[in-house]
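Trainee: I'd like to go through this model and ask how each label was earned. Can we put it up and talk it over?

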Amino acid sequence: MEAVRTLLLFLVLRHSVSSLELTGPPVHAARLGSDTRVPCAFTVDNPPVDLNHLTIFWYFRDKEILSYDKTVRTTSPRYSLSTGVLVMGIANLNISNIQIPDGGMYKCSVIYGSEKKEKEVRLDIGAPPQVTITNKMAVVNEESVLRCSVTGFYPVDIDIKWFKDGEELNNISTEDPQRNSDRSYSVKSAVTIIPTEEDRERIFSCRVYQDFLHFPLQKDFRLVYEGKLITNISYTAATPVIN
């Protein structure tokens, strides 16, 4: 009789905590300096989740950084887990103040009763650039160089193009990107033009393409003329300049 009761208890327990499944995207993107949640969700046969049967581990590059077994333990105060949503099957890893070294492969390990499932999530860090026009001075009918500074971006792969009234310009030179103290990058770009008098009313643009951006980032401006051909200083001062 005791053996039958034990078997029945085992079957009930097994049914109540079986069919553990983990879900979530394989890649998650976060912005440099932001707070983010690395996603990990799980389902069980009979929700809500019984926390008495639940254990969670998070790993970063195969090193344990957080564990939950009725209480949360972490290797850094920047890591946390929202225990209030565990009963709904949400085991996201919270990371505050995302930095570039935080990028890489994370692993969510969930143990529920006698079952264990694991899922990896790659965290990609991105930082959109800031675009500044550093030189828009020009001389009519003389070779002039317009310059643009692109700073604070990550990852390093970007594309810079120059335009005049939407028409792409040639004669572009772009320096090699330089690493900043926060591991983001900066780069300088220039375009050489021979402006005409009609170019006073043209809109010039420095446009940056980056995978992290949904749309290109563009800085528009008008030329500021200098040199001996300037005969009316008040006219130059009244010329609108787009920053």
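Mentor: Sure, and let's begin with a rule: a charge sits over a ring if NZ of Lys or CZ of Arg is within 6 Å of the ring centre and within 35 degrees of the ring normal. Keep in mind that this is a predicted model.

Trainee: What makes K107 count as lying over the face of Y59?

Mentor: K107 is at 5.3 Å from the ring centre of Y59. The limit is within 6 Å, so that distance qualifies. R200 does likewise with Y225, lying over its face at 4.2 Å from the ring centre.

Trainee: Now the rings. Why is the aromatic pair of Y154 and Y185 called stacked?

Mentor: Two values settle that. The rings of Y154 and Y185 are 6.2 Å apart, centre to centre, and centres within 6.5 Å make a pair. Their planes are at 10°, and under 30 degrees counts as stacked, so the label follows.

Trainee: What makes this a link between distant parts of the chain?

Mentor: Y154 is in the loop between β14 (144-153) and β15 (159-164), while Y185 belongs to strand β19 (residues 185-193). The two are 31 residues apart. F153 joins in as well: ring pairs link F153, Y154 and Y185 into a cluster. Across the whole structure, the search turns up six aromatic pairs.

Trainee: Is Y185 buried or exposed, and how do you know?

Mentor: Y185 has a relative accessible area of 13%. Buried means under 20%, so Y185 is buried.

Trainee: On to the strands. What makes β2 and β7 edge strands?

Mentor: Look at the order of this open sheet of six strands: β2-β11-β10-β5-β6-β7, with mixed pairing. β2 (27-31) and β7 (72-74) each pair on one side only, which makes them the edges. On average, neighbouring strands here are turned by 25° against each other, direction ignored.

Trainee: How do you know that β6 and β7 are paired?

Mentor: Count the bridges. Strand β6 (residues 63-68) and β7 share three, in the antiparallel sense, and at least two are needed, so they pair. There, L66 stands opposite T74 in β7.

Trainee: And which strands make up the three-stranded open sheet?

Mentor: Its order is β3-β9-β8, with antiparallel pairing. β3 (36-38) and β8 (79-80) are the edge strands, each pairing on one side only. Between β3 and strand β9 (residues 93-95) there are three bridges, and the rule asks for at least two, so this is a pair too. T36 stands opposite I95 in β9.

How values were computed:
Residues numbered from 1 in each chain as written. Predicted model: local features only at pLDDT ≥ 70, side-chain atom pairs only at ≥ 80, totals over all residues. Heavy atoms only, no water. Helix = DSSP H or I, 4+ residues; strand = E, 2+ residues; numbered from the N terminus. Axes fitted to C-alpha atoms, helices over the stretch in contact; angles between N-to-C directions. Phe/Tyr/Trp six-rings, centres within 6.5 Å; stacked < 30°, edge-to-face > 60°. Buried < 20%, exposed > 50% of the residue type's maximum accessible area, 1.4 Å probe, protein only.
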